[in-house]
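Please look over the sequence and the structure shown here. The briefing below covers strands, helices, cores and cysteines, in that order.

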Amino acid sequence: MIRNTIRITAYALTATVVFSVFGMSAEASGSSVLPGGGVSLALSNGNKLEEVANDVSTMPIESIIEWFQVEEAMEAEPTEEDLFRNLVIAQVTNYVNVRSIPSEEGEVLGKLYNNSVGTFISEENGWYQINSGSVTGYVKAEFCVTGEDAVELAKKVGKRIATVTTETLFVRTEPSTECSILGMVPEADDLIVLEETEGWAKVDVEEGMGWVSTDYVALHSEFVQAESKEEEERRLAKEEEERQKARAAAQKAAQNQNNQSQSSAPAQNAGSYSVSGGSEMGVAVAEYGLQFVGNPYVYGGTSLTNGADCSGFVMSVYANFGVSLPHSSTSDRSQGYGVDGLDNAQPGDIICYSGHVGIYIGNGQIVHASNERTGIIVSNANYRNILAIRRIF
């Protein structure tokens, strides 16, 4: 199932006061701190911003002093807890309906799935009005938490993500540029953040736990949002269309394979892994990927024989079946459609990790281009925290 996500990032709110010989002028600007809602800001002296800007020359001394106090308050950046306190988080077995009015008689506008979040707007008769994704409506308060209860829960159900903003980022063994390099990650990769210190973030990469400078990443918290009725209908239709296209491409590729020899002899240990369950095409993808176990890992590579990196391996395996995938582990998270949990994974599914991706072969295992030391190998699928599971066939 495809789920929408919300990214929460705190921004500083700023204000400036400018003096001149002939008078005083002031201007202020504020940026929203939450998509679709968030923390509101009010001036303590009751003046509107435009009134302050247009006629400060007539402001009494008391108002000027209060304006300085407001300016100081506006410079404080909202903390993560401030943002989390304004979330509404569903706590249900499956989902809670988002309705048009605060009543079970209201029209169902969408679904807020378990551990999914919305932004709190108001409360009315045991219902929370929320905004989540493209849906604005009411959910029953008894199935959700907000305020102080949402702060700790948000840290558990959300993912803290660092998105790489430079062409190639070094991951170091310790939070210092003097330390050795553990690995490298390309631009736009998403990394799970495990810990944050001043100027550094501890992340989970294929080579292990390491540190990256926060000067070269964008930090945000990621949560699942509600899905509207229209989005659900479009998703189901798209999933069926993707299945049909993938089946046709795979059948054509299978026919072509029967007419030509393999481009590389199977590795000696590839036959020791059994692939079963799921669709015929998914099994074919997994079996094809296993043929290259033992071949080298090359950063930035796409060759199944001479060397590929993780996303290059997945891309090239699927290219054999007529399916075009991006050369990016982060972009792979949006391909095909989502699968809820490893228990529901099938051979051929793409398993996405922090800065890494592999192909599920069944029996709780994946085949993947791991790193330069190990090359293309088979590992347990849950050897690291899974970010997403995507099904192409």
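How many bridges join β22 to β23? There are four, and the two strands run antiparallel. The model is a predicted one. The points below start from this strand pair and move outward to the sheet, the helices on it, and the residues packed inside.

**The sheet**

- β22 and β23 belong to an open sheet of six strands, whose order is β21-β26-β22-β23-β24-β25.
- The pairing in this sheet is antiparallel.
- Strands of a sheet pair through backbone hydrogen bonds, and the pairing can be parallel or antiparallel.
- The edges of the sheet are β21 (337-338) and β25, each of which pairs on one side only.
- At the level of single residues, Y353 has H356, in β23, as its bridge partner.

**Helices against the sheet**

- α6 lies across three strands, β23, β24 and β25.
- The direction of α6 is at about 115 degrees to β23.
- α7 also packs on the sheet, where it touches β22, β23, β24 and β25.
- The angle between the directions of α7 and β23 is about 50 degrees.

**The nonpolar cores**

- The largest nonpolar core has 32 residues.
- Within this core, the residues that touch the most other members are F313, V314, Y318, I350, I359 and V367.
- Two helices, α6 (280-290) and α7 (310-319), each supply at least two residues of this core.
- The strands β22 (350-353), β23 (356-362), β24 (365-371) and β25 (375-380) likewise each supply at least two.
- α6 contributes the most to this core, namely six residues.
- V314 touches L325, D332, I350, V357, G358 and I359, leaving aside residues up to four places away in sequence.
- A second core, separate from this one, has 13 residues, among them Y128, V135, A141 and C144.

**The cysteines**

- How many disulfides does a search of the whole structure find? The search finds zero.
- C310 is in no disulfide, and its nearest cysteine sulfur belongs to C352, 9.5 Å away.
- Why is there no bond between C352 and C310? The sulfur of C352 is 9.5 Å from that of C310, its closest cysteine sulfur, and this is too far for a bond. A disulfide needs the two sulfur atoms within 2.5 Å.
- C310 is buried, because its relative accessible area is 8% and buried means under 20%.
- C352 also counts as buried, at 0% relative accessibility.

Note on methods: Residues are numbered from 1 along each chain as its sequence is written. This is a predicted model: local features need pLDDT of at least 70, side-chain atom pairs count only at pLDDT 80 or more; totals for chains, interfaces and linings use all residues. Side-chain values use heavy atoms; hydrogens and water are left out. A nonpolar core is a set of buried Ala, Val, Leu, Ile, Met, Phe, Trp, Tyr and Cys residues joined through side-chain atoms within 4.5 Å. Buried means under 20% relative accessible area, exposed over 50%, partly exposed in between (1.4 Å probe, protein chains only). Contact means heavy atoms within 4.5 Å. Two strands pair if DSSP finds at least two bridges between them. Axes are lines fitted to C-alpha atoms, for helices over the stretch in contact, and angles run from 0 to 180 degrees between N-to-C directions.
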